[in-house]
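Student: I should like to learn how to read a protein model, feature by feature. May we go through one together?

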Amino acid sequence: MPKAVRIVVTICLLSFLAATATLGIWAPADAKLWDIRFAAADRAPSGDIVFVDIDAASLAEIGTWPWPRSLHAGLLDRLLAMGAYEIAFDIDFSTRSDPSEDAVFAKSLEAAGGYAYLAAFRQRAASGDEIWSRPLPEFAAHAEEALVNIDGLKAGLIWSLPGKDADTGIKSIPVQFSPGQPIPPTLRMDYAIDLGQIVRVPAVSVLDGTVDPALLENKQVVVGTSAIELHDLIMVPRFGVVPGAIVQIAAAETLKLNRALTEVGTWPALIWGALFLLGSALLPRRRLGLAIAVALTAMMVFEAAAFVAYALAALQFDTVGFHALACGALVVQLVEDRILRRRQLREQHKRLVFLATHDDDTGALSERAWCDALDASNESETAGALLLRVEQAESAGASLGFHVADQVIRQFHDRLALAVAGPVARIESQVFAIGLDTGLSDTALVRLIEKLELPYDVEGHRIELKLLWGRSAPGAGKSSEVLLQEARTALAMARRKRLTGCVYAPDFEAQFERRRQIDIALRTAVERGELNLVFQRQVDGKTRQTLGVEALVRWHSAALGPVSPAEFIPLAEENGTIIQLGNWVAHEACRRAVESGWMGRLSINVAPVQFAGADVFAMVQSALQKSGFPADRLDVEITESLVADGHLSIVETLRHLRELGVSIAIDDFGTGHSSLSYLATLPVDKLKIDQSFVRQMETRKGSQVIKSIAALGASLGLQTIVEGVETEEELALLAAIDCDIVQGFLFGKPGDLPTDLECGSQAA
């Protein structure tokens, strides 16, 4: 691509990305990055502020809303009696109620002596006009007003609130709680402050006197609501949905810790990103691998600069605009690569005659030409076909450029053609066929593979390849098509079994046919009543008491007989029948547990495919409702990769399950994308440690891994379950490092529901 054209494309791309950034399209991605920065800079709150929470339990205890004003009066009196320093009500007192009730509350405010603040806020009426909601005059006479409006909405999240109202001068709760400090027009919160450490006291426990007065002595108190039905819940960065009062506390803690942020916006990212994009267009074209490395380095440096500016100077500017522009530089180069490839394709059309019988890149025969050549020379009983699949060529191309991968393949073909006497064809991008007109001994095959796997030198890069091979069975009279099909089947079997190679055997076809039959039979297994459940004990690691069971599915097909879960579960996830199968397991497990009078916990597995293709919450809720099994004794096991993704719909489903009373366990923890961030923020109750770690426990590193996971779970308030315990020695080691629950063949093979659980009987 000429440099002038490249510059024009770059300017168009720059204009488009700048426009999208201005329109706020990148805001959700920036919000995600800020979640990470806030978590990385995690800091504790001052501890000076307590949240008195009108939660669901408090509502249920009183039984009505709005509360009578005498209750608020009692709450204020008790807080002051317990030594609270200041009390701010994030509750609307702008409307009149029973006069006697209002009088009682006014009297309590008068007794508070100016240490109480009442909420005032602007809101939009149905007509669109802005109106004020302010405390009744008799209340305002004895208490200061405190602004509780919020603003700074971006990407659906609240980032800031006003320090005071510009017209009336009413100060916000955070400003009221921090006298003497400058009043910012807009107070931008630092969500690195851990809102989870804010002390929360149920309002009902203050009213009935059951709260420890030490929690409230000399504290500033914000009274607010967290009950869902009161609709005072707000989405904020890092912590998700929180009560409105917590937002006020977050702002107050920001002021107290002198961490009010200054927002710069996205302009630094756009300016530096534009310079990077234009610089890439003006500089000579680089290899894609180098361009990717430069872009990634630039993005990491800019991201580090954003974090340092935030951590040291409380400056907040977004970075996704820069990342988008840096990626734009790669897009320009990719467009160039595609243009060059199209030019090559036009040139290749001129060689149609050659391409009819040969591969253009390597000069190898085409599949049809190879078959003709093999049929012409196939007279030996030891003749056959050998397929070689070149591994790692694509990864080399991704990192170093597609042209490098092409040169590797060409060098491979040249080396192969010199090493064998028979015809050579390239039948797929990474698969070559060799015609064997005479036999090839095992020793000769090993030497051939070793020679072909010697390193390749391409443009100064040392590239090593690995080969998979599949070989037809020897036999006279076979056509080239038959030999090629046998070799393909053998190569497919090698890939499926993760071997370096296979010689075709007749039972290979039977194995693939069995897979096909399993696929067909599995689709009607539920309707035919061919599935069954077995249950594996989960026991206390120290007392050996049976605490629960995990439901495991078994299949006895009428056509195929018993089929191992290792065979049909992966296939069910591939063809989608796992949704129907998982629904049956959930309902049947709960039904069997209730029918058998099972009093322990019950664990069921839910595959990622079920979250993608079905309503998991509805499935679990239906199973519980139809069976009557208690939700608080049900565990739903999910894979680690599912929660690591953090997709909003999945997180929402997990939260709904938790609200239902169900516990969430992460299965095979430590074998996938382990992340402390999702453990700290997502609704998870238990970690299941994979049995592979148990097998390594005899080594110091192996035991330390399990010990670290158990300690991590304990620090986060999560239970740990260790799978695959088979020996007393393993159990003793696990008990020594305080693992909560264990399961495995040591306590019996999976079978019927145990009958020996009566408030914790001993496992057999």
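Tutor: The dialogue below moves from the whole chain to its cores, a pocket and a single residue. Please keep in mind that this is a predicted model.

Student: Which helices and strands should I expect, in number, in the chain?

Tutor: The chain holds 29 helices and 30 strands.

Student: How does the radius of gyration of the chain compare with that of a compact globule?

Tutor: The general idea is to set the value for the chain beside the value expected for a globule with the given number of residues. Here, a compact globule of 764 residues would have a radius near 27 Å, whereas the chain has 34 Å. Along the principal axes, the C-alpha atoms fill a box of roughly 110 × 80 × 55 Å.

Student: What share of the residues is buried, and what share of the contacts links residues 24 or more positions apart?

Tutor: Of the 764 residues in the chain, 49% are buried. Among contacts with a separation of 6 or more, 73% join residues 24 or more positions apart.

Student: Which residues of the largest nonpolar core touch the most other members?

Tutor: A nonpolar core is a set of buried nonpolar residues joined through their side chains. In this structure the largest one has 48 residues, and Trp555, Leu602, Val620 and Leu634 touch the most other members. Helix 21 gives the largest share of this core, eight residues. A second, separate core has 40 residues, including Ala88, Leu187, Ile198 and Ile234.

Student: What does Leu634 touch beyond its neighbours within four places in sequence?

Tutor: Its contacts include Leu602 and Val620, and among the others are Cys590, Ile604, Phe629 and Val662.

Student: How should I describe the second largest pocket, and how much space lies in it?

Tutor: One gives its volume and then its lining. The space in this pocket is about 890 Å³. It is lined by 34 residues, of which Glu550, Leu552, Asn605, Asp667 and Glu723 are the closest to its centre. Elements that give two or more residues to the lining include strand 23 (546–557), helix 20 (565–575) and strand 27 (663–669). Strand 23 supplies the largest share, five residues. By class, the lining has 15 nonpolar, 10 polar and nine charged residues.

Student: Finally, is Ser366 buried or exposed?

Tutor: Ser366 counts as buried because its relative accessibility is 14%, and buried means under 20%. Ser366 lies in the loop between helix 13 (352–355) and helix 14 (367–377). Not counting residues up to four places away in sequence, Ser366 touches Ala356, Thr357, His358, Asp359 and Ala425.

Technical notes
Residues numbered from 1 in each chain as written. Predicted model: local features only at pLDDT ≥ 70, side-chain atom pairs only at ≥ 80, totals over all residues. Heavy atoms only, no water. 1 Å grid on protein atoms, 1.4 Å probe; cavity = no way out; pocket = protein on both sides within 12 Å on 5 of 7 lines; lining within 4 Å. Points joined across faces, edges and corners; volume = space filled by probe spheres on them. Helix = DSSP H or I, 4+ residues; strand = E, 2+ residues; numbered from the N terminus. Nonpolar A, V, L, I, M, F, W, Y, C, P; charged D, E, K, R; others polar. Buried < 20%, exposed > 50% of the residue type's maximum accessible area, 1.4 Å probe, protein only. Contact = heavy atoms within 4.5 Å. Core = buried A, V, L, I, M, F, W, Y, C linked by side-chain atoms within 4.5 Å. Rg over C-alpha atoms; globule rule 2.2 N^0.38 Å.
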